[in-house]
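Trainee: I would like to know how the descriptive words for a structure are justified.
Mentor: Then let us take them one by one and set each against its definition.

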Amino acid sequence: MRLADDEKAMLDGAEGPAVAAAMDLLVRYGEALGAERLCDIRNVAGTMTQPSPVKARLVREHGWHKAYATINLDSDGDFEIPHMRVPTCQLQHGFGEDALGVAPYPRELVQLQQDAESYYGAHGVNILATCTPYQVGNLPVRGEHCAWMESSAVVYANSVLGARTNCEGTASTGAASLTGKIPCWGNHLPRNRYGTHLIEAAVPVDGFLDWGMLGYFVGDAVQENRPVVVGDLRRPDLADLKHFGAATASSGGVEIYHIPGITPEAPTLEAAFGGAAVPETIVYGERERRTVYETLNDQGESTDVDFVLLGCPHASLDQIARAARALEGRRLNPGTELWIMAPRALRTVADRSGYTEIIQRAGGRVLTDSCPAMSRVAPEGTRVFATDSAKQAHYLPAILGIEAWFGTLEECVDAAVTGTWRGELT
Ligand code: F3S
């Protein structure tokens, strides 16, 4: 890999041992990937504060700097960690203090995370604590090179915002934070961003449920390729595209998609394919739609629902408001819990707007920072859960060994209020 002068200097230790270790990692990583060079970045979304038993031991025995070196730089070194060189934010992590007594999540991990927030906050990590940093202040512009983790955020950044990032890892984002560099390959290169597959929706795709189901179909159909989606599409909003992308990255490994006339790098179908021949169409029709619905619901047997989960990826303000409207004047079934996962910053707005109070009066909760899949916990005794998220329906049964139902927000709220799943595909 060709290194620029500033990169060689960092590697040679001109900016201290931590930056040298970070550059060493990026060079090894870039060479393994076949990258020819590094690119400059000013936007990292990674995970520094996520608690774990390994981190607890490292901190206890050697301190926070050693934990960063080991986990975030893959280094055996023992050195001070400098201030982050470029803007860096923390993605989702474990549950925080407000979930104590609600989520069966260890108090020691909450404490470890709070300490981590203090340490890394002082080193320049913005504690956004959400899988949707683009909803709360980290909004890269078109063409901006970034180093982001979290598959649902990566696909949103590339596709909806036109920013450029691969799906990075804990160590590569840790190194990027200290250097402002990341290997320039994959989604950073224009030639790797054009569409490879054409999907046509032959049925109307309108609203959150349908965008999620279409995304689940697309991810399964194209796996790690780059779909271009056309057809009977009603104009999506932020939540629809958030759900669509997260679903493509759950059933498959999509990191970028195009919707001609909607996403920024696809003003036309031809532009989406970069002028190359348009491939054969994969049709998403009534049969395919029903198959997706049945797949997402084939992990539900009992209709007795004891947990309802909304907000995956973390809820937008509109989604919180919609849940509040659906819950207004109602009470949850005594045996059923309802959690809405949201970025903490939006929870503050929801509090001020009165949405949280309506949700809490009904018996529901707006929780932040994490989610059941991330923290691997659901309310005590959960056997059957319902969700409006294709991603959670895909992952949570395998992670927690529970049954799942997938449907609309209104069907989920109905299940929370009655304790019974009554959803169906219309
Ligand atoms: Fe976010 Fe958890 Fe879903 S981290 S994308 S709410 S699985």
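Mentor: This is a predicted model. Start with T303, which touches W405, G419, T420 and W421 when its neighbours within four places in sequence are set aside.

Trainee: Where is T303 placed?

Mentor: T303 sits in the loop between helix 11 (286-296) and strand 10 (307-310). Its C-alpha atom is separated by 50 Å from that of G275, and the two residues are 28 apart along the chain.

Trainee: Why does T303 count as partly exposed?

Mentor: Its relative accessibility is 36%. Buried means under 20% and exposed means over 50%, with partly exposed in between. The value of 36% falls in between, so T303 counts as partly exposed.

Trainee: What makes T387 buried?

Mentor: T387 has 0% relative accessibility. The cut-off for buried is under 20%, therefore T387 counts as buried. T387 lies in strand 13 (residues 384-387). Leaving out neighbours within four places in sequence, its contacts are L309, Q392, A393, W405, F406, G407 and C412.

Trainee: What is the strand order in the open sheet of 5 strands?

Mentor: The order is 12-11-10-13-14, and the pairing is parallel.

Trainee: How do you know that strand 12 and strand 14 are edge strands?

Mentor: Strand 12 (365-368) and strand 14 (403-406) each pair on one side only. From one strand to the next, the twist averages 25 degrees.

Trainee: How do you know that strand 11 and strand 12 pair?

Mentor: Pairing needs at least two bridges. Strand 11 (residues 337-342) and strand 12 have 4 bridges, so they pair, and they do so in the parallel sense. Within this pairing, W339 stands opposite R365 in strand 12.

Trainee: What makes strand 4 and strand 5 edge strands in the open sheet of 4 strands?

Mentor: That sheet has the order 4-3-2-5, with parallel pairing. Strand 4 (125-126) and strand 5 (147-148) each have a single partner strand, so one side of each is left without a neighbour in the sheet.

Trainee: How many bridges join strand 2 to strand 5?

Mentor: There are 2 bridges between strand 2 (residues 44-46) and strand 5, which run parallel. A45 stands opposite W148 in strand 5. Helix 7 (residues 170-179) packs on this sheet and touches strand 2, strand 3 (88-90) and strand 5. The direction of helix 7 makes about 145 degrees with that of strand 2.

Trainee: Why is helix 6 called oblique to helix 9?

Mentor: The axes of helix 6 (residues 151-161) and helix 9 (residues 238-251) cross at roughly 120 degrees and come within 8 Å. Roughly perpendicular covers 65 to 115 degrees, and roughly antiparallel means over 145. The crossing at roughly 120 degrees fits neither range, which makes helix 6 oblique to helix 9. The crossing is right-handed.

Trainee: Which residue classes occur in the contact of helix 6 with helix 9?

Mentor: The contact has 7 nonpolar, 4 polar and 1 charged residues. Among them are V155 and Y156 in helix 6, and L238 and K242 in helix 9.

Trainee: At what angle do helix 9 and helix 16 pack?

Mentor: Helix 9 and helix 16 (residues 390-400) pack at about 35 degrees, with their axes 8 Å apart. The residues in contact include H243 and A246 of helix 9 and H394 and Y395 of helix 16. By class, this contact divides into 5 nonpolar, 4 polar and 1 charged.

Key: Residues are numbered from 1 along each chain as its sequence is written. This is a predicted model: local features need pLDDT of at least 70, side-chain atom pairs count only at pLDDT 80 or more; totals for chains, interfaces and linings use all residues. Side-chain values use heavy atoms; hydrogens and water are left out. Axes are lines fitted to C-alpha atoms, for helices over the stretch in contact, and angles run from 0 to 180 degrees between N-to-C directions. Angles under 35 degrees count as roughly parallel, over 145 as roughly antiparallel, 65 to 115 as roughly perpendicular and the rest as oblique. A crossing is left-handed if the near helix is turned anticlockwise from the far one by less than a right angle, and right-handed if clockwise. Contact means heavy atoms within 4.5 Å. Ala, Val, Leu, Ile, Met, Phe, Trp, Tyr, Cys and Pro count as nonpolar, Asp, Glu, Lys and Arg as charged, and the others, Gly among them, as polar. Buried means under 20% relative accessible area, exposed over 50%, partly exposed in between (1.4 Å probe, protein chains only).
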